[in-house]
Amino acid sequence: YKPYQKGGVENGNNALRKWFPKDCDTKLVRPKRIKKYIQALNNRPMKCLGYKTPLEVLFSKEIKFISNDLRN
């Protein structure tokens, strides 16, 4: 438990509530549909990332890391 993470966790929970209301039984949701929702969240621009998507940030860091290893 880290109090400074609470805002980010709550923001993520609110985003998921768009598709999964509190009374929703997630056991009844098909894995394909869950995958679709995950893709939607990962492709959503975020202010804290400079309006980049989480996927853009992830892959830009991986590419930099790989290119740095190739130079050595």
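**Exercises on an aromatic cluster**

W19 has a relative accessible area of 23% and is partly exposed (buried is under 20%, exposed over 50%, partly exposed in between; 1.4 Å probe, protein chains only). The model is predicted, so local features need pLDDT of at least 70 and side-chain atom pairs 80 or more, while totals for chains, interfaces and linings use all residues. Residues are numbered from 1 along each chain as its sequence is written, and side-chain values use heavy atoms, without hydrogens and water.

**Exercise 1.** Determine how many aromatic pairs the whole structure holds, and describe the geometry of W19 and Y37.

*Solution.* Step one: the search of the whole structure returns 2 aromatic pairs (ring centres within 6.5 Å, the six-membered ring for Trp; planes under 30 degrees apart are stacked, over 60 edge-to-face, the rest tilted). Step two: W19 and Y37 are stacked, with 4.7 Å from centre to centre and 10° between the planes. Step three: this pair links distant parts of the chain, since W19 lies in the loop between α1 (6–17) and α2 (31–42), whereas Y37, 18 residues apart from W19, belongs to helix α2 (helices are DSSP runs of H or I, at least four residues, numbered from the N terminus).

**Exercise 2.** Decide whether Y37 is buried or exposed, and classify the pair that Y37 forms with F20.

*Solution.* Step one: Y37 counts as buried because its relative accessibility is 11%. Step two: the ring centres of F20 and Y37 are 5.3 Å apart and their planes stand at 85°, so this pair is edge-to-face. Step three: here too distant parts of the chain are linked, F20 being in the loop between α1 and α2 and Y37 in helix α2, 17 residues apart. Step four: F20 is buried, as is Y37.

**Exercise 3.** Identify which residues the ring pairs link into a cluster.

*Solution.* The ring pairs join W19, F20 and Y37 into a cluster.

Terms used: Helices (H or I, at least four residues) and strands (E, at least two) are DSSP runs, numbered from the N terminus.
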